Amino acid sequence: MATIKILDPVSRLEGHLRVEVTIETVNNQQQVIDARATGTMFRGFEMILQGRPPLDAPHITQRICGVCPVSHALVAVQALEQAAPVAVPVNARLLRNLVLGASFIASHVLHFYHLSLLDFVAGPDRPPWTPRWEVDQRITGAAAQSLVDHYVQALSTRRKAHEAGALFGGRMPHPPTYVPGGFTTTPRASRISKCDALVDELIAFIQGTWIPDVQSVATAYSDYYAIGAGPENLLAFGGFDLDASGTNQLFGRGRIEAGVNGVQAVDVGAITEAVHHSWYQDISSPLHPAQGETAPQHPKANGYSWMKAPRYDAKPYEVGPLARQWVNGDYDNGISVMDRHLARAAEALQIANAMKGWLAELSPTGAVYTEYTVPSSGQGAGLAEAPRGALGHWLNVSGGEIAHYQVVTPTCWNASPRDELDVLGPLEQALVGTPVGDADKPVEVLRVVHSFDPCLACAVHVAHPRRETSLRVVANP
Ligand code: NFE
Ligand code: MG
């Protein structure tokens, strides 16, 4: 007999994700046989941007999220620079990479230690580690204590990553320094050396603590190399420019299609978003983001998420650190829960090492900005990498105002609902087949969900109040 289990909201991720799984015994093993991922809030940013001055785009879109705002700023700037080309100084490219790199490391450290680790090890018997499900925990005693100590230490590491970014970004999150034409801070020598010292500390933590920790979790939970694969289609837009070409990058652009050998080229024209199962007005066929519509419709028959369903060539694709590492040829162990954790840690070290090089390349007296003229009309797209994967902004300017804007985030790719062909999104597919020990406490489901590092603040936005919402007074003045 099938049991339906609803996790709403899934805790320890950004924003509000509802996951519904159907659990049934197959070949004497209880497992997930169906899954639905729901973004429970409405995203209104594309509508907010219409009619605004184009230069607002990097600043407004950063407010989509406090975890990956730097990526939103960068791709908004890229879209503007495509609409009206401008030569960006070398210093600006380096400063953009450095602040973005710092934000990746802060986000990845947060993900492993503060959002995922407690799926594998129990914390102390007091809040915020309780209440919790008492489930299969294979790491105990001194090894567990060491991981919990590192959970606390990782809070300072995150702060150091934010400081490294704020030295040039001005503030974290939401740095105001990303502008079309360049960057708005000069790389003073004193800040270069401060940032360099912080990056050394980050490298020491990643190498000495985080990579050994993720390896010990992977050893204790080695069955998770065979759990949570998903469609095995991987997509990366590429990021961290190494020169002005736009194609020479720390992480390259490419995709891997299940069953097809080698890395394939990405045709940006093959991207569409389906809304058949999303709470948006139906369209005759999925649209490319440059023509995408944001017309909410709730309730809607067949609808179960505020996320649209991005597809490449009508197929779901996983995005994120594992996709980047595979596409770059830096990782080829597998596609699973554990591979996602290992790839994220490996990538953090690559980024930190690259930051050392970018700091050395900065010229304290060099230019950071070229005058940019806002076009009265034009269009552009910004495609890059956010911590959680491929991020795209599509912009159209008309009459000096933003006429059309569409954002497709990594979590929208990963946690998307079914499409018009009823094909499940990557996270939904990854959940199907997951063995479950206790259907009342399906920690295995959490492990699969968390491995994608979903961020629903990015994927959707603006609260949709529920009728049963109530106000509780917790203290009298
Ligand atoms: Ni809110 Fe984001 C990243 C973006 S996720 S964290 O990384 O864009 O979809
Ligand atoms: Mg969108």
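**Close-up views of a predicted model**

C68 and C458 are both buried in this predicted model.

**Figure 1. Iron site of ligand 1.** The iron atom of ligand 1 takes its protein donors from C68 (SG) and C458 (SG), at 2.4 to 2.6 Å. C68 sits in the loop between helix 2 (57–62) and helix 3 (69–83), whereas C458 belongs to helix 12 (residues 456–459); the pair links distant parts of the chain, 390 residues apart. The site has 4 donor atoms and is irregular, with angles of 75 to 169° among them. C458 also bridges the iron atom and the nickel atom of ligand 1, and these two metals lie 3.2 Å apart.

**Figure 2. Salt bridge between R418 and D34.** This pair is one of 23 salt bridges in the structure. The closest N and O atoms of R418 and D34 are 2.7 Å apart. R418 lies in the loop between helix 9 (410–414) and helix 10 (426–431) and D34 in strand 3 (residues 29–39), so the contact ties together parts 384 residues apart in sequence. R418 counts as buried because its relative accessibility is 7%, under the 20% limit. D34, with a relative accessible area of 27%, is partly exposed.

**Figure 3. Salt bridge between D223 and R138.** The side chains of D223 and R138 meet at 2.9 Å, N to O. D223 is found in the loop between helix 6 (189–220) and strand 6 (234–236), and R138 in the loop between helix 4 (90–116) and helix 5 (141–169); the two are 85 residues apart and link distant parts of the chain. D223 is partly exposed at 32% relative accessibility, and R138 is partly exposed at 35%. Both residues belong to a network of salt bridges that links D136, R138, D223 and R447.

**Figure 4. Salt bridge between K356 and D196.** K356 and D196 form a salt bridge through their side chains, at 3.1 Å from N to O. K356 is part of helix 8 (residues 337–361) and D196 part of helix 6, so that distant parts of the chain, 160 residues apart, are linked. K356 counts as partly exposed, at 26% relative accessibility. D196 is also partly exposed, with a relative accessible area of 23%.

**Figure 5. Helix 7 and the residue after it.** Helix 7 (residues 321–328) is mostly covered, with 6 of its 8 residues buried. The buried residues are P321, L322, A323, R324, Q325 and V327. G329 follows helix 7 and has a positive phi, near 80°.

Terms used:
Residues are numbered from 1 along each chain as its sequence is written. Chains are lettered from A and ligands numbered from 1 in the order in which they are written. This is a predicted model: local features need pLDDT of at least 70, side-chain atom pairs count only at pLDDT 80 or more; totals for chains, interfaces and linings use all residues. Side-chain values use heavy atoms; hydrogens and water are left out. Donors are N, O and S atoms within 2.8 Å of the metal (3.2 Å for Na, K and Ca); water is not among the atoms, so sites may look incomplete. Four donors count as tetrahedral if all angles lie between 85 and 135 degrees; four count as square planar and six as octahedral if opposite donors are over 155 degrees apart and all others between 65 and 115; anything else is irregular. Helices (H or I, at least four residues) and strands (E, at least two) are DSSP runs, numbered from the N terminus. Buried means under 20% relative accessible area, exposed over 50%, partly exposed in between (1.4 Å probe, protein chains only). A salt bridge is a side-chain nitrogen of Lys or Arg within 4 Å of a carboxyl oxygen of Asp or Glu.
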